[in-house]
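User: I've got this model open and I'd like a close look at one part of it. Could you pick a loop residue, start there, and then work outwards to the rest of the chain?

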Amino acid sequence: MRFSVPLAVGLAFFTGPIMAQDDVDRLVGAMLGDTPIIGDLQSLTDEVGGRVTGSPANAAAIEWALDRFRQAEVPATREAFEMPYQWQERGVSASISGDSGFTPTVVAKPFSAAADEVTGPLVDGGKGTPADYERLGETAKGAWILIETDVLDDEVGLAGLFGEYSGAAATEPLAHAAGAAGLVFMSSRPQNLMYRLPMLSGAGRQPILLMEREDAKRAQRLIRNGQPLSLTSTIDVDAGYAYQSANVIAEIRGSERPEEIVVMGAHLDSHDLGTGALDNGSNVTMLIDIARQITRLGLKPKRTIRFALWNGEEQGLVGSWRYTQQHQDELDNHVMAASFDIGTGRLLGFYTGGMGALIPMVNEYLQPVAGLDPFEHFDVPVVGTDNFDFMMEGVPNLIGHQADANYASNYHAGSDTFDKVDQQQLKLNSAIAAALVWGFANSDDRLPRWSREQIEDLVDNTNLEQQMRDFGVWQLWADGKRGRQ
Ligand SMILES: [Zn+2]
């Protein structure tokens with residue numbers, strides 16, 4: 001399949017240093033041409049499937065990625081690291097009893113505590129605000145608390161996603177403090193769609209379920225009409241112990257400054273209800289394809305490029321965190337670390353994490369794909385994907401800023417499958433990402449790593465602390481266990 005884009009217009013009038021420009025043009029052209037990227041993505045999603053870190057499918061995904069790099073003749077290794085907390089759902093059941101009892105569809109929230117036939121009144125927890133717990137008073141004790149959520153669809157997009165995370169982070173400690181039997185979140189996605197929204201702090205603290213929206217609405221109406229209901233649930237999990245996982249790190253060694261490193265990262269792991277196509281198989285296969293085309297064309301970057309397929313991202317950005325620990329000695333020489341994690345929506349620009357000096361560099365490096373503009377960049381710190389530990393270590397970092405497209409409605413859901421992928425846009429995004437990495441790998445410019453003081457200034461002058469609290473990573477930074485010392 002070939003893709004025709006208005007790229008030639010951008011190229012025809014560009015005059016730059018001839019040899020280097022020739023290389024990046026060849027790379028961009030190769031990315032837009034016929035490559036195995038779509039077949040790779042189908043293989044990873046349909047054949048390997050959903051790949052929760054710590055599961056057999058995740059181990060298969062590591063082998064799959066090593067094999068793809070091997071076939072592309074790009075040297076790659078597995079870098080083992082310790083995951084702090086295993087969590088896999090073995091089975092879950094729930095039943096509602098009362099005058100109008102029924103059997104709702106539920107899944108356990110990742111990091112939920114186990115429950116062995118726990119029965120309690122099912123009470124209306126509203127939106128789970130402090131006022132709701134005050135209203136419930138003593139009745140919250142020993143009860144399953146049903147929490148209403150707003151609909152998350154593609155119109156609401158990523159903003160709704162962050163809202164759902166912060167809402168959950170706020171209500172979970174309140175339920176625990178009230179002595180509840182457990183929490184029952186209403187699915188934010190209509191049409192019976194189920195998903196996994198990980199609990200980002202308080203692993204194993206209390207049982208938490210997600211209930212199908214239609215079932216949860218039904219229960220809520222019955223309760224509000226004055227019918228007492230109770231819920232019995234069993235949550236069987238394999239959980240609670242440390243175990244070993246691994247990142248897959250492929251490397252194209254620099255020809256002139258091999259000790260200087262540019263990282264292109266995407267997480268290999270996913271959740272298990274779907275097959276992790278948008279989150280994040282699409283960007284995994286994009287990085288493999290860029291590495292493949294650079295090697296196939298015989299291009300020699302001046303700096304070393306590392307293609308990092310992170311693991312444990314969905315459990316707290318663990319793989320990229322461990323990488324920054326394992327490669328601590330090299331971090332001064334990390335010129336840039338980019339993350340791609342928003343499916344196949346159009347690449348609109350980059351988040352530059354408070355290092356505004358990256359913006360003119362990015363704009364320069366995107367010149368070879370000027371036909372795919374406009375690009376707009378946002379100089380704000382963003383928590384929620386694998387740039388995080390690079391940012392807190394002071395390494396210049398980027399996140400691909402992508403159109404929301406169909407990301408939010410399929411996020412972590414049973415519907416995140418190969419058929420949701422915008423194949424043509426993935427090809428275009430791969431050309432943009434290729435131009436970006438080529439620019440960082442070959443430019444004479446680079447930014448220095450930030451000091452601890454500069455990172456603290458970023459924390460003090462932005463909403464970074466609140467974001468870190470919502471994602472359960474604040475305490476580790478505050479305790480000096482995560483981020484630059
Ligand atoms: Zn992701």
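Analyst: Let's start at T139. This is a predicted model, and in it T139 counts as partly exposed, because 14 C-beta neighbours sit inside 10 Å, between the 12 or fewer of an exposed residue and the 20 or more of a buried one. You'll find T139 in the loop between α5 (130-136) and β5. To get a feel for distances, jump from T139 to P360: the two are 221 residues apart in sequence, and their C-alpha atoms are 58 Å apart in space.

Now step along to I145. Leaving aside neighbours within four places in sequence, I145 is in contact with V123, G125, A140, A175, A180, L183 and V184. I145 is also one of the residues that touch the most other members of the largest nonpolar core, a group of 146 residues; M264, A435 and V437 share that distinction. Helix α13 (residues 423-442) gives the most to this core, with twelve residues. Domain 1 (7-84 + 242-478) and domain 2 (88-239) both contribute residues, so the core lies between them.

While we're around β5, have a look at helix α7. Its buried residues are R213, D215, A216, A219, Q220 and L222, and they pack against β5 (144-147) along with β2 (87-97), β4 (115-124), β6 (182-186) and β7 (208-211). The helix also passes a simple length check: at 1.5 Å a residue, the twelve residues of α7 (residues 213-224) should span 16 Å, and the end C-alpha atoms are 16 Å apart, which agrees. After α7 comes G226, with a positive phi near 95 degrees.

Two residues in the loop between β6 and β7 are good to click on. G202 lies in that loop and counts as partly exposed, because it has 15 C-beta neighbours inside 10 Å. Not counting residues up to four places away in sequence, G202 touches E172, P173 and H176. G202 and A113 are 89 residues apart along the chain, yet their C-alpha atoms are separated by 9.6 Å. N192 is found in the loop between β6 and β7 as well, but N192 is exposed, because it has 12 other C-beta atoms within 10 Å. Its phi is positive, near 65 degrees, in a residue other than glycine.

F111 is another non-glycine with a positive phi, of about 80 degrees. F111 sits in the loop between β3 (106-108) and β4, and it is buried, with 23 other C-beta atoms within 10 Å.

Next, the way the domains sit together. The domain assignment gives domain 1 (7-84 + 242-478) and domain 2 (88-239), and their C-alpha centres lie 34 Å apart. At the boundary, 21 residues of domain 1 are in contact with 21 residues of domain 2. Helix α12 (residues 407-410) gives the most to the domain 1 side, with three residues. That side of domain 1 divides into seven nonpolar, eleven polar and three charged residues.

Over in domain 1, try helix α9 (residues 318-326). It is mostly covered, with seven of its nine residues buried: V318, G319, S320, W321, R322, Y323 and T324. The cover over them includes β1 (76-83), β9 (243-252), β10 (257-267), β11 (303-310) and α11 (388-392).

There are a couple of cis peptide bonds to check too. One runs from D279 to N280, with omega near 10 degrees, and N280 is found in helix α8 (residues 277-297). Another joins D373 and P374, where omega is about 5 degrees; P374 is in the loop between α10 (358-365) and α11.

Finally, zoom right out. The chain has 16 helices and 14 strands. Its radius of gyration is 23 Å, close to the 23 Å that the globule rule gives for 485 residues, so the chain is as compact as a globular protein of that length. Along the principal axes, the C-alpha atoms fill a box of roughly 80 × 50 × 40 Å. Buried residues make up 53% of the 485. Among contacts with a separation of 6 or more, 84% come from residues 24 or more positions apart.

Notes
Residues are numbered from 1 along each chain as its sequence is written. This is a predicted model: local features need pLDDT of at least 70, side-chain atom pairs count only at pLDDT 80 or more; totals for chains, interfaces and linings use all residues. Helices (H or I, at least four residues) and strands (E, at least two) are DSSP runs, numbered from the N terminus. The expected span of a helix is 1.5 Å times one less than its number of residues. Two residues are in contact if their C-beta atoms, placed from the backbone, lie within 7 Å. Domain bounds come from an automatic or database domain assignment. Ala, Val, Leu, Ile, Met, Phe, Trp, Tyr, Cys and Pro count as nonpolar, Asp, Glu, Lys and Arg as charged, and the others, Gly among them, as polar. The radius of gyration is taken over C-alpha atoms; the globule rule is 2.2 Å times the number of residues to the power 0.38. A nonpolar core is a set of buried Ala, Val, Leu, Ile, Met, Phe, Trp, Tyr and Cys residues joined through C-beta atoms within 7 Å.
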